[in-house]
Amino acid sequence: MIPGAFAYHRPSSVKEAVGLLAQFGDDGRALAGGHSLVPMMKLRLATPANLVDLGGIADLKGVRADGNDIVIGAMTTQHDVIGSQLLGDKIPILRETSEQIADPQVRYLGTLGGNVANGDPGNDMPAVMLTLNATYHVMGKRGERRIAAREFYQGAYFTALEAGDVLTAVRIPVPAAGHGYAYEKLKRKVGDYATAAAAVVLTMSGGKVAACSIGLTNVAETPLWAEEAAKILGGSALEPATVKRAVAAAEKITAPATDARGPAQYRTKMAGVMTARALQRAFARAHS
Ligand SMILES: Cc1cc2nc3c(=O)[nH]c(=O)nc-3n(C[C@H](O)[C@H](O)[C@H](O)COP(=O)(O)OP(=O)(O)OC[C@H]3O[C@@H](n4cnc5c(N)ncnc54)[C@H](O)[C@@H]3O)c2cc1C
């Protein structure tokens, strides 16, 4: 339970952090809240020779509006997400999701950037980012690039980030006013990762679904965007038969592992149950 030896670096700018990470290559890792990385180091599943702590870079913190988007600095903690009035007003699913991550101690240090950059299929924010069609701002050796969340996740702990990259911010288009939303998470106990979870953002118009997006957590090697399931619901009034078809489409794209949270078949079924519940709650919250 004791990590291997490492050198600690605390840059004060993104440029400096990128320089250090590029110099260290595979021997360096960015450190954010440390609540995924440090446990991995204690188990010796990660043995970086150099830790580049992003905690001293003021530019990486905070939430701001930018036209019709909201931009959240990568080092904004999950606790800060819960406390942000701007996010509560404009993208309340972020608060609802953050409240279901771990416990207050973890949320005080754990960051939004760390949660989405980590690549663990058990992390809750990535599926929400797919649902919201977020874009990640990444600074690397060759300058800044922007990567759609829907193209970022490639496998368990395998993302579009390259050696030397720092995720600087997450950009989210503000969903339509009056949208409904819900993040439904089944877990074995408070503070646990999801057995299965579903995010829904829904806009109603004249009693019909005008727009819908659905994401799934921890039921495959990557977070899933359930595009087909959402398409089935378009133009419907969420009649039970249509919801049943959408739920079946969501279940169909899952490929969970059998583990301590249950057999694969059960977790697939729970992904369906979470989808149905999230749809119901999002619908109840939406203004037509
Ligand atoms: C007891 C416990 C329960 C938990 N339960 C949950 C849960 O239910 N749901 C959930 O989603 N999470 C859970 N977590 C994880 C927690 O939310 C982590 O804080 C989060 O996953 C990672 O964020 P971090 O800021 O701690 O990142 P770190 O642990 O510091 O980093 C994680 C990884 O991302 C990389 N990284 C971090 N920031 C950047 C960046 N800006 N640019 C490039 N790479 C970066 C690091 O190099 C590392 O590889 C739990 C953790 C604990 C200890």
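Two strands count as paired when DSSP finds at least two bridges between them. With that in hand, here are some close-up views of this predicted model.

**View 1. Strand S3 and its parallel partners.** Let us start with S3, which spans residues 50–53. Strand S1 (residues 7–9) pairs with S3 in the parallel sense, over 3 bridges. Strand S2 (residues 28–31) also runs parallel to S3, joined to it by 4 bridges. Look for Asn-50 in S3: Ala-7 has Asn-50 as its bridge partner, and Gly-28 is bridged to Asn-50 too. S3 is covered on both faces, with Asn-50 and Val-52 buried on one side and Leu-51 and Asp-53 buried on the other.

**View 2. The loop between H2 and S3.** Just ahead in the chain, helix H2 (37–42) is followed by a loop that leads to S3 (50–53) and holds Leu-45. Arg-44 is found in this loop as well. Although Arg-44 is not a glycine, its phi is positive, at about 60 degrees. Arg-44 has a relative accessible area of 48%, so it ranks as partly exposed. Leu-45, by contrast, counts as exposed because its relative accessibility is 62%, the cut-off for exposed being over 50%. Together with Met-1 and Leu-43, Leu-45 makes a nonpolar surface patch of about 390 Å².

**View 3. Ala-102 between two helices.** Here the loop joins helix H5 (92–98) to helix H6 (104–109), and Ala-102 is found in it. Ala-102 is another residue other than glycine with a positive phi, near 50 degrees. Its relative accessible area is 18%, so Ala-102 is buried; the limit for buried is under 20%.

**View 4. Helix H8 and the residue that follows.** Helix H8 covers residues 125–132, and 8 of its 8 residues are buried. Among them are Met-125, Pro-126, Met-129 and Leu-132. Just after H8 comes Asn-133, where phi turns positive at about 55 degrees.

**View 5. The S6–S7 hairpin.** Further along, strand S6 (residues 135–140) and strand S7 (residues 143–148) run antiparallel and are joined by 6 bridges. The two strands form a hairpin, with 2 residues between them. To find your place in the pairing, pick out His-137, which stands opposite Arg-146 in S7.

**View 6. Ile-214 and its surroundings.** Ile-214 sits in strand S13 (residues 208–217). Its relative accessibility is 0%, which means that Ile-214 counts as buried. Beyond its neighbours within four places in sequence, Ile-214 is in contact with residues including Thr-131, Val-200, Trp-225, Leu-233 and Leu-279. Thr-275 is one of these contacts too: 61 residues separate Ile-214 from Thr-275 in sequence, yet their C-alpha atoms are 7.8 Å apart.

**View 7. Helix H10 and its cover.** The last view shows helix H10 (residues 240–252), whose 13 residues should span 18 Å at 1.5 Å a residue. The C-alpha atoms at its ends are 18 Å apart, so the expected and modelled spans agree. The buried residues of H10 include Thr-242, Val-243, Ala-246, Val-247 and Glu-251. What covers the buried residues of H10 includes S13, helix H9 (227–233) and helix H11 (264–285). S13 is also the strand that holds Ile-214, so do flip back to the previous view.

Key: Residues numbered from 1 in each chain as written. Predicted model: local features only at pLDDT ≥ 70, side-chain atom pairs only at ≥ 80, totals over all residues. Heavy atoms only, no water. Buried < 20%, exposed > 50% of the residue type's maximum accessible area, 1.4 Å probe, protein only. Contact = heavy atoms within 4.5 Å. Expected span 1.5 Å × (residues − 1). Patch = residues over 30% accessible without salt bridge, like charges linked within 9 Å, V, L, I, M, F, W, Y side chains within 5 Å. Areas by Shrake-Rupley, 256 points an atom, 1.4 Å probe, with all protein chains shown as cover. Salt bridge = Lys/Arg side-chain N within 4 Å of Asp/Glu carboxyl O.
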